[in-house]
Amino acid sequence: IVMQESQQFRIHLERLGYSKTSILMLPSCLKEFLEYTDKPTQSITPQDIKDYHTYLQERPNRRRTGGLSESYISHHLYALKLYFGWQEELRQITINPISGLTFKTPESKPREILTTAEITQLYKATQTLKEKAVLSLFYGCGLRRSEGEKLNLTDIHFGSGILYVREGKGNKRRAVPMSKKVSQDLKNYVEKERVATSQEQAMICNQYGTRTKGADLNRLLKNALERTKIDKSITLHCLRHSIATHLLESGLTIEYVRDFLGHKHLETTQIYTRVKNSQLWNL
């Protein structure tokens with residue numbers, strides 16, 4: 001029964017359009033809860049959920065030493081909130097056992113943001129066209145790590161200065177305007193340094209001529225960072241946060257920036273064509 005419930009929950013999440021990661025993780029969280037309580041859904045009480053929360057705080061981490069992170073525990077509670085809300089909609093339960101409960105929100109670490117001067121340092125520290133292309137994708141275009149990894153050469157239109165994200169978060173598609181500097185950096189890499197197998201479509205390729213994975217893209221950033229005097233823990237996503245901050249500081253509205261980053265559904269690319277290259281941070 002537990003397995004059947006988690007599979008039905010997975011199907012429900014797929015229909016709602018949740019990300020692949022959520023579709024994999026949330027049913028697993030539900031399965032662990034149902035196995036812990038060993039009760040039918042209709043019999044679960046708020047106290048059962050409180051007891052489970054206490055159990056999670058004490059449960060050892062199965063992948064490494066120590067306990068579970070606040071963020072991971074929060075994922076479990078979120079799974080239960082979605083599940084019982086769904087059961088309530090289906091009228092499988094008359095009382096939602098989690099609806100009246102409140103739990104401590106996990107504390108998030110402040111996001112590291114690079115200044116424009118530090119971005120300049122990073123660019124100057126690059127030693128290959130590939131490193132420079134990585135900076136231009138994740139800073140200049142504000143891509144997520146997964147978007148950069150999935151990016152194909154055909155997604156970049158140098159003539160129109162537009163980069164297309166075909167499969168963003170939540171399967172959203174968007175078009176990203178490229179500044180002349182960003183476009184030139186990417187073009188230089190493609191024409192002078194990119195080596196790919198005959199069937200490979202990836203924009204950024206590794207030494208074997210195949211698609212570069214996200215961890216390796218992050219490593220390229222780390223390599224450039226180590227050559228600077230920047231004392232910050234920076235990831236590819238930090239570059240995305242940085243461009244968002246710099247665009248807002250340059251006078252772009254929040255609506256433009258949200259669309260640039262793909263935080264909203266867009267039916268056309270008109271909003272992007274109105275973002276002039278001169279408005280983007282030019283190095």
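**A guided reading of the predicted model**

Three strands form an open sheet, arranged in the order 1-2-3 with antiparallel pairing. Strand 1 (156-157) and strand 3 (174-177) stand at the edges of this sheet; each has a single partner strand, so one side of each is left without a neighbour in the sheet. In general, the strands of a sheet pair through backbone hydrogen bonds, and the pairing may be parallel or antiparallel. Here, strand 2 and strand 3 are joined in the antiparallel sense over four bridges. Within this pairing, L163 stands opposite V176 in strand 3.

The sheet belongs to a predicted model, and this should be kept in mind throughout. The protein contains twelve helices as well as the three strands. It has 283 residues, of which 42% count as buried. Its accessible surface comes to about 16,300 Å², and carbon and sulfur atoms account for 48% of that surface. Among contacts with a separation of 6 or more, 59% are between residues 24 or more positions apart.

The interior may be considered next. The largest nonpolar core has 42 residues, and those with the most contacts inside it are L122, L137, L163, L186 and L239. Two or more residues of this core come from each of helix 5, helix 6, strand 2 (162-165), helix 8, helix 9, helix 10 and helix 11. Apart from this core lies another, of 23 residues, among them I44, I49, I98 and L101.

L163 therefore deserves attention both in the sheet, where it stands opposite V176, and in the largest nonpolar core, where it is one of the residues with the most contacts. Leaving aside residues up to four places away in sequence, L163 touches several others, including L137, C141, L143, I156, V176 and L186.

Which residues of helix 5 (residues 116-125) are buried? They are E118, I119, L122, Y123 and A125. These residues lie on the same side of helix 5, because they cover an arc of only 165° around the axis. The buried residues of helix 5 pack against helix 6, helix 8 (180-192), helix 9 and helix 10.

Two other helices add to this picture. In helix 11 (residues 254-261), the buried residues are V257, D259, F260 and L261. G262 follows helix 11 and has a positive phi, near 80°. In helix 8 lies S183, which is buried, with a relative accessible area of 12%. Not counting residues up to four places away in sequence, S183 touches F158 and M178.

Charged side chains form a further set of links. Side chains of opposite charge can pair when their charged atoms come close. How many salt bridges does a search of the whole structure find? The search finds eleven.

One of these salt bridges joins the side chains of K31 and E35, with a distance of 2.7 Å from N to O. K31 and E35 are separated by about one helical turn, because they are four residues apart in helix 2 (residues 20-37). An α-helix has 3.6 residues a turn, so residues three or four places apart point the same way. K31 counts as partly exposed, at 26% relative accessibility, and E35 also counts as partly exposed, at 45%.

A second pair within a helix is D216 and R219, whose closest N and O atoms are 2.2 Å apart in a salt bridge. Both residues lie in helix 9, three residues apart, which is about one turn of the helix. D216 is partly exposed at 31% relative accessibility, and R219 is partly exposed with a relative accessible area of 46%. Elsewhere, R144, E147 and R174 are joined into one network by salt bridges that share partners.

The salt bridge between R227 and E131 has its closest N and O atoms 2.9 Å apart. This pair links distant parts of the chain, with the two positions 96 residues apart: R227 is in the loop between helix 9 (214-225) and helix 10 (236-249), and E131 is in helix 6 (residues 129-140). Is each partner buried or partly exposed? R227 counts as partly exposed, at 35% relative accessibility, whereas E131 is buried, with a relative accessible area of 6%.

Notes: Residues numbered from 1 in each chain as written. Predicted model: local features only at pLDDT ≥ 70, side-chain atom pairs only at ≥ 80, totals over all residues. Heavy atoms only, no water. Salt bridge = Lys/Arg side-chain N within 4 Å of Asp/Glu carboxyl O. Buried < 20%, exposed > 50% of the residue type's maximum accessible area, 1.4 Å probe, protein only. Arc of directions from axis to C-beta. Contact = heavy atoms within 4.5 Å. Core = buried A, V, L, I, M, F, W, Y, C linked by side-chain atoms within 4.5 Å. Pairing = 2+ DSSP bridges. Areas by Shrake-Rupley, 256 points an atom, 1.4 Å probe, with all protein chains shown as cover.
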